[in-house]
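Let's take a walk through this protein together, one region at a time. Keep the viewer open as you read.

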Amino acid sequence: MNVLFNHLPTEELQAIDAAHHLHPFTKGADLNAKGARIITRAKGSTLTDSEGVEILDGMAGLWCVNIGYGRDELAKVAYDQMRELPYYNTFFQTSHPPVIQLGQKLAELIPGDLNHVFFASGGSDANDTNIRIARHYWAIKGKPSKKVIISRHNAYHGSTVAAASLGGMQVMHAQGGLPIPDISHINQPFWWAEGGEMSPEEFGLARAQELEAEIERLGIDNVAAFIGEPVQGAGAVIVPPSTYWPEIQRICDKYEILLIADEVICGFGRTGNWFGSQTYGIKPDIMTIAKGLSSGYAPIGGSVVSDEIAAVLDSDDFNHGYTYSGHPVSCAVALENLRILEEEGIVDTVRDETAPYLKAKWDALNDHPLVGETRISGLMAAIQMTPDKSARADFANPGEAGTICRDFCLEAGLVMRHVKDSMIISPPLVITKGEIDMLMERCVGALDKTLAKLKADGMFRAG
Ligand code: PXG
């Protein structure tokens, strides 16, 4: 057996990890003191840790393992491609079959005239590419002052300097001198937290109209594009009111600015259609893709642009590219992943069966005393915990209840992520109804225990 599979005892692995591995979005000192959980293998929707404990993966890794773990077909394709052509670049007037075929397949799957792909290694660098594409596009068209990209507070668009600037995460802007210039942020359509006395529909419209006000404030000659996730994922699964996207679309059309849909999480079936843009009636000029494109089996992302943008870009040099743009192994793996998603009808099953099944159970959580609201779109969903439902109140120490609940979930054998005091799921799209039952049972058990602990600690006001 490969030495990596026949691993060292957990404590030794944890000690080595603590000594040499810097983890993303982590306070190293705290993690090193307790030791990371070591995941050693996975199959379907189930992870196994180094102690042999099985855990239901309610997050599909990091919102990405759409076809589930353990598909040999993808391993085989990667092996075959590595033997045939492990690497070649696409910079110097060259191309190769996997990148050619993947571009064609994406043009077929992605709606509208988004027929041209610039490949990246993930979502962050694809969004960097988008900033450069949008600005270069306007410069070629003789409008070099059109540089500002309008985004939203609490958006997540990645972790590079440019993508984190584009995102609206305060904790990221607070480190490393962000944001870069010429990015502006409007408010998010998060009704529960920010909607006040408005109905969700009124609020959605009001928040979308902030885009129009921001364009007017900046001056149309300075605005290049608007970017948004169809449903904000990392922000806490914020499903916008029905009025939001149609108004954003109207404003982008009226002012003829580019509309960038960041489909890194929503793409490839997550919302019950191939793309979140289809679920929410968005007609983007540029789409960011990553994650579900390869189901996380190999790193790959991309910027997909319209015929018109491609024609403009093609008229000049575009001085941009990554060593791994269109990596042959990643492209081959992505193609096989798309074949499986398509041939096994996985997106249809989500739309017609598992998402409605989950939704019925998820909606019923609103009866739980700890639940302020639930949000769901396809197989991504959130539970908003609150100390006082009727007041739509926040906990005094945001994130504390979320951490408590997250730990109870893990104890019960369920990976559920928390964003402050929202509990989030985004399971593999192949999750079965039986596994959804199991997920719900573990989730409700964790909510009950969290409520009991919060009451005991005097952190729960109502009920
Ligand atoms: N756009 C969106 C909408 C994302 O969700 C990225 C871009 C960046 O992709 P890469 O491949 O560069 O990571 C993402 C990534 C979380 C979490 O904790 C979410 C992401 C990444 C890491 C953590 O929810 N989303």
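Phe-25 sits in the loop that links helix 1 (10–20) to helix 2 (28–34). Its backbone is worth a click: phi is near 45°, a positive value in a residue that is not glycine. Please keep in mind that you are looking at a predicted model, so angles and distances here are values computed from that prediction.

A second backbone feature turns up further along the chain. Leu-178 and Pro-179 are joined by a cis peptide bond, with omega at about -5°. Pro-179 also belongs to a loop, the one between helix 8 (170–173) and strand 6 (183–186).

Now on to the ligand. Where does it lie with respect to domain 1 and domain 2? Domain 1 (37–70 + 345–456) and domain 2 (73–343) both contribute residues to the shell around the ligand, so the ligand lies between them. There are 16 residues around the ligand, and those that come nearest are Trp-63, Gly-123, Ser-124, Asp-262 and Arg-417. Sorted by type, the shell holds six nonpolar, six polar and four charged residues.

Two helices deserve a look here: helix 3 (60–63) and helix 6 (123–140) each provide at least two residues of this shell. Helix 6 gives the most, with three residues.

If you zoom in on individual atoms, you can pick out polar contacts of the ligand. The side chain of Arg-417 has an N or O atom 2.4 Å from an oxygen atom of the ligand. At Gly-123, a polar backbone atom is 2.9 Å from a ligand oxygen. Lys-291 takes part through its side chain, where an N or O atom is 3.2 Å from a nitrogen atom of the ligand. How much of the ligand's accessible area does the protein cover? On its own the ligand has 540 Å² of accessible area, and the protein covers 83% of that.

Let's finish with the second largest pocket, which holds about 890 Å³ of space. Its lining is made up of 28 residues, and Thr-90, Val-117, Phe-118, Asp-314 and Phe-318 are the ones nearest its centre. Helix 5 (97–109), strand 4 (114–120) and helix 13 (307–313) are the elements that give two or more residues to this lining. Which of them supplies the largest share? That is strand 4, with five residues. As for chemical character, the lining of this pocket divides into 12 nonpolar, 13 polar and three charged residues.

Terms used:
Residues are numbered from 1 along each chain as its sequence is written. This is a predicted model: local features need pLDDT of at least 70, side-chain atom pairs count only at pLDDT 80 or more; totals for chains, interfaces and linings use all residues. Side-chain values use heavy atoms; hydrogens and water are left out. A residue is near a molecule or strand if one of its heavy atoms lies within 4 Å of it. A polar contact is a pair of N or O atoms within 3.5 Å; within protein, one must be able to donate a hydrogen and the other to accept it, and residues adjacent in sequence count only if both atoms are side-chain atoms. Accessible areas come from the Shrake-Rupley method with a 1.4 Å probe; for residues, only the protein chains shown count as cover. Helices (H or I, at least four residues) and strands (E, at least two) are DSSP runs, numbered from the N terminus. Ala, Val, Leu, Ile, Met, Phe, Trp, Tyr, Cys and Pro count as nonpolar, Asp, Glu, Lys and Arg as charged, and the others, Gly among them, as polar. Domain bounds come from an automatic or database domain assignment. On a 1 Å grid over the protein atoms alone, a cavity is a set of points where a 1.4 Å probe fits but cannot get out, and a pocket is an open set with protein on both sides within 12 Å along at least five of seven lines; lining residues have an atom within 4 Å of a point. Grid points are joined across faces, edges and corners, and a volume is the space filled by probe spheres set on the points.
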